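User: I'm new to this one and would like a walk through it. Could you show me the structure and take my questions one by one?

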Amino acid sequence: LSMGAAGDARSAGAAIRCRGVVSRWGREEPQIADYELLSCRPGWIVARPAFDSLLWRQAAQSGADVRLGHRCLRVIPNVTACHITIATPEGILDAVARAVVDATGRSGGWGGHGRVFHDSQLAYVWTCKRPGSTMLDCVWVESSDDGWYYASPLPNGSAQFVWITDTRPPR
């Protein structure tokens with residue numbers, strides 16, 4: 001995040017600073033990746049709907065043509081521009097753009113080619129009021145024989161604990 005965007009996201013309740021990641025992957029002692037000690041600046045934990053809305057507003061204010069509810073079907077790059085085909089609620093639109101950002105996430109992919117999932121994992125999620133501990137200004141990750149544990153503060157003042165396990169029996 002740029003410093004301006006970070007400040008806007010924090011004041012809108014869409015982001016909080018994250019000092020780093022504390023992880024244990026089968027080790028006795030946790031490994032700490034402190035972003036500031038690594039000269040990376042702090043990371044950010046974001047509330048996606050509020051953060052996305054903020055980014056859309058900032059992009060539009062900066063002159064970008066932001067299109068929500070549309071799907072990019074094809075991009076043909078050229079030296080000076082991109083020729084794009086977009087599916088809109090009103091029909092198909094052909095346009096020319098200097099740059100194209102497709103921010104549709106996992107459901108995206110130009111031409112309608114989405115992701116194929118073969119996951120067989122189960123997640124248990126518990127969200128609660130954030131404990132008073134300063135230990136939760138980092139994301140915590142730990143592995144066990146039965147799965148992975150994650151703990152993270154959230155921008156709304158709560159904390160989320162997640163356990164992910166494989167639904168298939170061990171081999």
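What follows is a set of questions and answers about the structure shown.

User: Before we start, what kind of model is this?

Analyst: Local features need pLDDT of at least 70, side-chain atom pairs count only at pLDDT 80 or more, and totals for chains, interfaces and linings use all residues, since the model is a predicted one. Residues are numbered from 1 along each chain as its sequence is written, and side-chain values use heavy atoms, with hydrogens and water left out. In short, the model is predicted.

User: How many helices and strands does the chain have?

Analyst: Helices (H or I, at least four residues) and strands (E, at least two) are DSSP runs, numbered from the N terminus. Read from that end, the elements go α-β-β-β-β-α-β-β-β-β-β-β-β. The tally is 2 helices and 11 strands.

User: What share of the residues is buried?

Analyst: Buried means under 20% relative accessible area, exposed over 50%, and partly exposed in between (1.4 Å probe, protein chains only). The chain has 171 residues, and the buried share of them is 27%.

User: What is the strand order in the sheet of 6 strands?

Analyst: Two strands pair if DSSP finds at least two bridges between them. This sheet is open and its pairing is mixed. Its edges are β3 (31-34) and β8 (121-129), each paired on one side only. The order is β3-β2-β9-β10-β11-β8.

User: Which residue is the bridge partner of Glu142 in β10?

Analyst: β9 (residues 139-144) and β10 (residues 147-153) run antiparallel, joined by 5 bridges. Across from Glu142, the bridge partner in β10 is Tyr149.

User: Which residue does Glu142 meet in a salt bridge?

Analyst: A salt bridge is a side-chain nitrogen of Lys or Arg within 4 Å of a carboxyl oxygen of Asp or Glu, and the whole structure has 4 of them. In this one, the N to O distance is 3.1 Å. The link runs from strand β9 to strand β2 (residues 20-24), between residues 118 apart. Glu142 is partly exposed at 31% relative accessibility, and its partner is Arg24.

User: Is Asp52 buried or exposed?

Analyst: Asp52 shares a salt bridge with Arg48, 2.9 Å from N to O. Both sit in helix α2, 4 residues apart, or about one turn of the helix. Arg48 is exposed, with a relative accessible area of 51%. Asp52, at 19% relative accessibility, counts as buried.

User: Which residue pairs with Asp65 in a salt bridge?

Analyst: Asp65 is exposed, at 57% relative accessibility. Its partner counts as partly exposed at 34%. The two side chains meet at 3.1 Å, N to O, and that partner is Arg67.

User: Which residues make the nonpolar surface patch?

Analyst: Patches are made of residues with over 30% relative accessible area and no salt bridge: like charges are joined within 9 Å, nonpolar side chains (Val, Leu, Ile, Met, Phe, Trp, Tyr) within 5 Å. Val66 lies in the loop between α2 (48-61) and β5 (71-77), and is partly exposed at 33%. The patch covers about 270 Å², and its residues are Trp56, Val66 and Leu68.

User: Why do β5 and β7 each have one side without a neighbour in the sheet?

Analyst: These strands belong to an open sheet of 3 strands, β5-β6-β7, paired antiparallel. β5 and β7 (91-97) stand at its edges, so one side of each lacks a neighbour because each has a single partner strand.

User: Which residue in β6 is the bridge partner of Arg71?

Analyst: β5 pairs with strand β6 (residues 82-88) in the antiparallel sense, over 6 bridges. Within β6, the partner of Arg71 is Ala87.

User: Which residues form the covered face of strand β4?

Analyst: Strand β1 (residues 15-18) runs antiparallel to β4, with 4 bridges joining them. Cys18 stands opposite Gly43 there. In β4 (residues 43-46), Trp44 and Val46 form the uncovered face, while the covered face is Gly43 and Ile45.

Terms used: Accessible areas come from the Shrake-Rupley method with a 1.4 Å probe; for residues, only the protein chains shown count as cover.
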